[in-house]
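Here is a short briefing to keep beside you while you turn the structure around on screen. The points are grouped by topic, so feel free to jump to whichever one you need.

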Amino acid sequence: MIIGGIQKNSLIDYPSKISCVLFTSGCNFRCPYCHNPDLVNPPFQSTPMEAIFAFLKRRKSLLDGVVITGGEPTLHDDLPGFCTRIKSLGYCVKLDTNGSRPTVVQALIEKEQIDYIAMDVKTLPDNYVPHIAPTLDPHAIMESISLILNSGLAHEFRTTCVRPFVNPPVIEKISHLIRGADLLAFQQAKITDSVLNPEFFREKDWKISTDTLKSFQTIAAPFVKKTIIR
């Protein structure tokens, strides 16, 4: 595992739990609005495993869960063993994923190496190429959605709301794709010069208002158990 950063305490990243957040480095997506470009583009810095587990052992009385996010955690072949080791300390594990590697997601679910899973649905699967992912089989996104919906695990789907990737028809179709989901979170984009590709948004009307986000909730409400705006 290449751990590029640690957030020592969070009350919002793992629902109903006090958690820490471990950020893995490396990603196979190139979302122009990504706010963690240091985790996307090498060279990467990494925190030694010994330091991570020493931290987790010290914090056992203060934390309930560990969130593994990225970058994209499923790119790391040692992710399953990493999750198992964290769980052996008594922590619940939440995984954040972009859904591009359904076979990894399936293995983690089947081996009970995660307790909660959050997947980003960026836009309609057929529209990921080229701006979200340079190359991607949209069936991978569909397969991951199906695995999560049928996993029996607590879960959520998340959509970062920014034009041109999201609009009312897109939200309606995404809601159909994740029908029956526990939660759909609409995340308001923040485009600054520090995102991965600020040039993509130059001369574009990328902002989506809070009122529009509320209308997205109305669109999605018949299909999912709960919607929120973050």
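The notes below cover charged pairs, one lysine and its surroundings, a helix, the cysteines, a surface patch and some backbone details. Please keep in mind that this is a predicted model. In brief, the whole structure holds nine salt bridges and zero disulfides.

**Salt bridges**

- A search of the whole structure turns up nine salt bridges, and a few of them are worth a look one by one.
- Glu156 and Arg230 meet through their side chains, with 2.9 Å from N to O. Glu156 sits in strand β6 (residues 154–161) and Arg230 in the segment after β8 (227–229), so this pair ties together parts that are 74 residues apart in sequence.
- The two partners differ in exposure: Glu156 is buried, at a relative accessible area of 1%, whereas Arg230 is partly exposed, at 39%.
- Lys225 pairs with Asp182, and their closest N and O atoms are 3.4 Å apart. Lys225 belongs to the loop between α6 (210–220) and β8, and Asp182 to the loop between α5 (168–177) and β7 (184–188), so the bridge ties together parts that are 43 residues apart in sequence.
- Here Lys225 is exposed, with a relative accessible area of 61%, while Asp182 counts as partly exposed at 24%.
- A network of salt bridges links Lys94, Asp96, Asp120, Lys122 and Arg158. Within this network, Asp120 bridges to Lys122, with the closest N and O atoms 4.0 Å apart, and both of these residues are buried.

**A closer look at Lys122**

- Where does Lys122 sit? You will find Lys122 in the loop between β5 (116–120) and α4 (138–149).
- Lys122 counts as buried because its relative accessibility is 11%, and the cut-off for buried is under 20%.
- Leaving aside residues up to four places away in sequence, Lys122 touches Phe29, Cys31, Tyr33, Tyr128, Ile132, Thr159, Thr160, Phe165 and Val166.

**Helix α1**

- In α1 (residues 49–58), the buried residues include Ile52, Phe53, Phe55 and Leu56. Viewed down the helix axis, the buried residues of α1 fall within an arc of 155°, so they line one face of the helix.
- What do these buried residues pack against? Their partners are β1, β2, β3 (65–69) and α2 (79–88).
- Glu50, Lys57 and Arg58 are on the other side of α1, where they are exposed.

**Cysteines**

- Why does a search of the whole structure find zero disulfides? Distance settles the matter for two of the cysteines, as the next points show.
- For Cys92, the closest cysteine sulfur belongs to Cys20 and is 12 Å away, which is too far for a bond. Cys92 counts as partly exposed, at 23% relative accessibility.
- For Cys161, the closest cysteine sulfur is that of Cys31, 13 Å away, again too far for a bond. Cys161 counts as buried, at 2% relative accessibility.
- The cut-off for a disulfide is a pair of cysteine sulfur atoms within 2.5 Å.

**A nonpolar surface patch**

- Leu11, Ile12 and Ile18 make a nonpolar patch of about 330 Å² on the surface.
- Leu11 lies in the loop between β1 (3–10) and β2 (19–24), and is exposed, with a relative accessible area of 65%.

**Backbone details**

- As background, most peptide bonds are trans, and most residues other than glycine have a negative phi.
- The peptide bond from Gly70 to Gly71 is cis, with omega near 10°. Gly71 is part of the loop between β3 and α2.
- Another cis peptide bond runs from Val129 to Pro130, with omega near 5°. Pro130 is in the loop between β5 and α4.
- Ser16 has a positive phi, near 70°, although the residue is not glycine. Ser16 is in the loop between β1 and β2 and is exposed, with a relative accessible area of 81%.
- Glu203 also has a positive phi, of about 65°. Glu203 lies in the loop between β7 and α6 and counts as exposed at 84% relative accessibility.

Technical notes. Residues numbered from 1 in each chain as written. Predicted model: local features only at pLDDT ≥ 70, side-chain atom pairs only at ≥ 80, totals over all residues. Heavy atoms only, no water. Patch = residues over 30% accessible without salt bridge, like charges linked within 9 Å, V, L, I, M, F, W, Y side chains within 5 Å. Areas by Shrake-Rupley, 256 points an atom, 1.4 Å probe, with all protein chains shown as cover. Helix = DSSP H or I, 4+ residues; strand = E, 2+ residues; numbered from the N terminus. Buried < 20%, exposed > 50% of the residue type's maximum accessible area, 1.4 Å probe, protein only. Arc of directions from axis to C-beta. Contact = heavy atoms within 4.5 Å.
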